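User: I should like to go through the terms used to describe this model and see how each one is justified. Please set the value against the criterion in every case.

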Amino acid sequence: MTAVAETGIVNSLTTGRLPKWVPWALLGASWVVFGIIFAMVAAADGSEFNPVLAIFVGTIFFDVILYVVARLVEGSRQATNRLVTSLVATAFIVALLPLVSLLYTVVINGLPRFDIQFFSESMRNVVGEGGGGLHAITGTLLITGMATLISVPIGLLTAIYLVEYGRGALARAITFFVDVMTGIPSIVAGLFAFAFFSLVLDNPAIRFGFGGAVALSLLMIPVVVRSSEEMLKLVPNELREASYALGVPKWLTILKIVIPTSIAGITTGVTLAISRVIGETAPLLIIAGFTASMNYDLFKNQMMSLPVFLYTQFQNPGVVVAPYIERSWAAALTLILIVMALNLIARLIAKIFSPKLGR
């Protein structure tokens, strides 16, 4: 008679183990089963099949069935470990589902008008079908580019001052106001830019692209300051001290040692700031206005942007609604692709200019 039979106790540390493929097989089977169930229910009710809900319910069922199977084969200790691990994975999947659903919806609805015509034509003299978003894409790139040119030098220099030079009441005041600016609603930035230029230029009906760039820069600067400040703080003081020991002045140490060491994080922060403002609608609707024609001059006349173009196409459709909705989805897809391209460019820049740590 074995020791297990004599004592009646099972050592959970020496019991069987599930093969590595079993959790993945159970997860895939759960998704397939609930996908079939939800598809059958949707077909019976005449409603639309919801794959996101099927994946969510299937994942929850997977947690339960994995715990049961693991308890039968591996014992309570390993079953509890697998349950906690699967719950963490479930939390990740649940957090990822809205993003996947968003991308899926935008791609499916935006592809019908994601054509050459959309990128080569404006909406001038277009009513109904046809037309494109070239004027909006151009306006977005010009306004956001100008906002970046305004924000990055100011934000980076402010961060350098706070980390390398700032002491006392002035540094505390700058930090406080940066924190306040971080929470400013975007429409307030647009109203400020509109009021400022209306008073300075004595034009109560002013609308131009540079005003939109100034409004966006108010939203970008605190993000650039905070992200750059944290990256500069991560630079070891030993690098600064070694530079000072060689007789290098402080300004040159910052320029040649501190900034190159933290350039990867600074670039990521700038990209994050651009992504933060490139989709803003309210400030551009107030100060930049909207137009159906091309405008390459930031300092003259109204200028369309992709967020405003998306809003106007969706909010003010013509008699035939479908072309307007298709153009709005195409604009949303274009905006997402621009943000993705910016992130890829930022990663490339960070990889090229980041310091090489190997010998």
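User: Why does E229 count as buried?

Analyst: The model is a predicted one. E229 has 5% relative accessibility, and buried means under 20%; E229 therefore counts as buried.

User: What makes the pair E229 and R226 a salt bridge?

Analyst: The criterion is a side-chain nitrogen of Lys or Arg within 4 Å of a carboxyl oxygen of Asp or Glu. For E229 and R226 the N to O value is 2.8 Å, so the pair meets the definition. The two residues are separated by about one helical turn, because they are three residues apart in helix α9 (residues 209-233).

User: Why is R226 called partly exposed?

Analyst: The class partly exposed lies between the limits of 20% and 50%. R226 has 25% relative accessibility, so R226 counts as partly exposed.

User: What joins D179, R226, E229 and K233 into one network?

Analyst: Before the network, another pair may be considered: the side chains of E280 and R276 also meet in a salt bridge, at 2.5 Å from N to O. In that pair E280 is buried, with a relative accessible area of 14%, while R276 is partly exposed at 32%. As for D179, R226, E229 and K233, salt bridges that share partners join these residues into one network. A search of the whole structure finds eight salt bridges.

User: How do you know that R82 forms a salt bridge with E74, and are these residues buried or exposed?

Analyst: The closest N and O atoms of R82 and E74 are 2.7 Å apart, and the cut-off is 4 Å; the pair therefore qualifies as a salt bridge. R82 has 16% relative accessibility and E74 has a relative accessible area of 0%. With the limit for buried set at under 20%, R82 counts as buried, and E74 is buried.

User: Why is F92 called exposed, and which residues make the nonpolar surface patch?

Analyst: F92, found in helix α4, has a relative accessible area of 53%. Exposed means over 50%, so F92 is exposed. The nonpolar surface patch is made by F92, L96, L99, V100, L102 and L103. Its area is about 530 Å².

User: Why is M303 called buried, and what does M303 touch?

Analyst: M303 is found in the loop between α12 (282-287) and α13 (306-315). Its relative accessible area is 1%, and the limit is under 20%, so M303 is buried. Not counting residues up to four places away in sequence, M303 touches G139, L142, I143, G209, A288, G289, T291, N295, Y296, D297 and L298. M303 and T138 are 165 residues apart in sequence, and their C-alpha atoms are 9.0 Å apart in space.

User: Why is R113 called buried?

Analyst: R113 has a relative accessible area of 7%; against the limit of under 20%, R113 is therefore buried. R113 lies in the loop between α4 (76-110) and α5 (116-120). Its contacts, not counting residues up to four places away in sequence, are F118, G130, G131, G132, E326, R327 and A330.

User: What is notable about phi in N125, and why does N125 count as exposed?

Analyst: N125 has a positive phi of about 60° although it is not a glycine. N125 is placed in the loop between α5 and α6. At 75% relative accessibility, set against a limit of over 50%, N125 counts as exposed. D202, in the loop between α8 (186-200) and α9, has a positive phi near 50° and is likewise a residue other than glycine. D202 counts as exposed, at 67% relative accessibility.

User: What is the mean pLDDT of the protein, and which element has the lowest mean pLDDT?

Analyst: The mean pLDDT of the protein is 87, and 94% of its residues reach 70 or more. Among the elements, helix α1 (residues 3-7) has the lowest mean pLDDT, 48, and helix α6 (residues 134-165) the highest, 93. Over residues 1-5 the pLDDT is below 50, and this stretch has four contacts in the model beyond near neighbours in sequence. Where pLDDT is low, the predicted coordinates should not be read in detail.

Conventions: Residues numbered from 1 in each chain as written. Predicted model: local features only at pLDDT ≥ 70, side-chain atom pairs only at ≥ 80, totals over all residues. Heavy atoms only, no water. Helix = DSSP H or I, 4+ residues; strand = E, 2+ residues; numbered from the N terminus. Buried < 20%, exposed > 50% of the residue type's maximum accessible area, 1.4 Å probe, protein only. Contact = heavy atoms within 4.5 Å. pLDDT = per-residue confidence, 0-100. Patch = residues over 30% accessible without salt bridge, like charges linked within 9 Å, V, L, I, M, F, W, Y side chains within 5 Å. Areas by Shrake-Rupley, 256 points an atom, 1.4 Å probe, with all protein chains shown as cover.
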